[in-house]
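Biologist: Pick one buried polar side chain and walk me through it closely, please. Then follow the trail outward and tell me how that spot sits within the rest of the fold.

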Amino acid sequence: MRTEILLIRHGETAWNAVRKLQGHLDIPLNAEGRRQAKALAAGLQQEPLSAIISSDLQRAMQTAGEIARLQGLPTRIDTALRERCFGDFEGKLYSELPELYPDEYAHWRSRDPDFHFPAKQDDADNVGESIREFQQRTVNAILHYAAQYQGKKIAIVAHGGVLECAYRAAMNLPLNAERTITIYNASINRFSCNNGQLSLIDWGDITHLGNEILDEIAGTAN
């Protein structure tokens, strides 16, 4: 039985607006992001959902909370749906990275599937995730919920990188392929899952938002 998955990116944050890398850092929605989350929830009100699952980072939970409020459902929280950990790149502007970490930045941009980021200065054990590790974590989580809610429609609220991983899995794209899609804040991206295989139905729906939405196109969204 086919499961329909609405994979949703969180609303805008202040760091999205200035192109600062968030990763695991827990940044809340800004005023525009809260507006987007409310508009998203209203746009989905006529689509009854069986479950709403969210990353544990507050930008995703705040977005999911608006959907849950109108759907009359609780929000399930799962750390496996977090954005990729970018190590010491987190908290930096995209524009700063080539100067701060010239070699590591070039390696990251090469899309080596096994590249790890430099450790956070205050946490030497946290070296970030490779693309391979990140995709395995996030796609496995999505497939888990697809199996648990087989034959139903669910919403998963997460991050740009998670959406990209799902897109690559559905389209059978290699991990080192350049990103060619736009990943909008508060967008609805529709997938189906049958027998453990993701398929893309529709990408990047923002008709519910009604104005221009920011997107990071610097190789990964967060």
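Modeller: Let's start with Gln 71, which counts as buried because its relative accessibility is 18% and the cut-off for buried is under 20%. Keep in mind throughout that this is a predicted model. Gln 71 belongs to helix H3, which covers residues 58–71. What does its side chain reach? It gets to the backbone oxygen of Leu 44, at 3.0 Å. Leu 44 also turns up among the contacts of Gln 71: if you skip the neighbours within four places in sequence, the list is Leu 44, Gln 45, Glu 47, Pro 48, Leu 49 and Ile 52.

Move on to Gly 72 and you are in the loop between H3 and strand E3, residues 75–77. Is Gly 72 buried or exposed? Gly 72 is exposed, because its relative accessible area of 65% is over the 50% cut-off. For a sense of distance, the C-alpha of Gly 72 is 20 Å from that of Gln 150, with 78 residues separating the two along the chain.

Now go back into H3, to Arg 59, which is in that helix as well. You might wonder about a charged residue here, but Arg 59 is buried, with a relative accessible area of 0%. Which partners does its side chain have? One is the backbone oxygen of Leu 25, reached at 2.7 Å. Another is the side chain of His 159, in a polar contact at 3.5 Å. As for Asp 88, it is 29 residues from Arg 59 in sequence, and their C-alpha atoms are 20 Å apart.

A second arginine to look at is Arg 168, found in helix H7. Arg 168 counts as buried too, at 4% relative accessibility. A polar atom of the Arg 168 side chain lies 2.8 Å from the backbone oxygen of Pro 174, so you can set that beside the way Arg 59 reaches the backbone oxygen of Leu 25. Beyond four places in sequence, Arg 168 touches Arg 111, Gln 135, Leu 173, Pro 174, Leu 175, Ala 177, Glu 178 and Arg 179.

Arg 168 also helps to line a cavity. The structure holds two cavities of 30 Å³ or more, and the second largest has about 40 Å³ of space. Around that second largest cavity sit Glu 164, Tyr 167, Arg 168, Leu 173, Glu 178, Arg 179, Thr 180 and Ile 181. By class, its lining is made up of four charged, three nonpolar and one polar residue. Three of those names should sound familiar: Leu 173, Glu 178 and Arg 179 are among the residues that Arg 168 touches.

Arg 111, one of the contacts of Arg 168, deserves a stop of its own. Its place is in the loop between helix H5 (102–109) and helix H6 (131–148). Even so, Arg 111 is buried, at 8% relative accessible area. Its backbone catches the eye as well: phi is near 60 degrees, a positive value in a residue other than glycine. Most residues other than glycine have a negative phi. Ala 186 has a phi near 60 degrees too, again positive without being a glycine. You'll find Ala 186 in the loop between helix H7 (160–171) and strand E5 (188–194), and it is buried, with a relative accessible area of 0%.

Strand E5 holds our last residue, Cys 193. At 5% relative accessibility, Cys 193 counts as buried. Outside its four-place neighbourhood, it is in contact with Met 1, Arg 2, Thr 3, Ile 5, Leu 143, Ala 146 and Leu 198. Gly 151 is 42 residues from Cys 193 along the chain, with 9.0 Å between their C-alpha atoms.

Now for the whole fold. The protein has seven helices and six strands, running from the N terminus as β-α-α-β-α-β-α-α-α-β-α-β-β. Its radius of gyration is 17 Å, close to the 17 Å that the globule rule gives for 222 residues, so it is as compact as a globular protein of that length. The C-alpha atoms fill a box of roughly 50 × 40 × 30 Å along the principal axes. Of the 222 residues, 55% count as buried. And among contacts between residues at least 6 apart in sequence, 72% join residues at least 24 apart.

Note on methods:
Residues numbered from 1 in each chain as written. Predicted model: local features only at pLDDT ≥ 70, side-chain atom pairs only at ≥ 80, totals over all residues. Heavy atoms only, no water. 1 Å grid on protein atoms, 1.4 Å probe; cavity = no way out; pocket = protein on both sides within 12 Å on 5 of 7 lines; lining within 4 Å. Points joined across faces, edges and corners; volume = space filled by probe spheres on them. Nonpolar A, V, L, I, M, F, W, Y, C, P; charged D, E, K, R; others polar. Helix = DSSP H or I, 4+ residues; strand = E, 2+ residues; numbered from the N terminus. Buried < 20%, exposed > 50% of the residue type's maximum accessible area, 1.4 Å probe, protein only. Polar contact = N/O pair within 3.5 Å; in protein donor to acceptor, adjacent residues only side chain to side chain. Contact = heavy atoms within 4.5 Å. Rg over C-alpha atoms; globule rule 2.2 N^0.38 Å.
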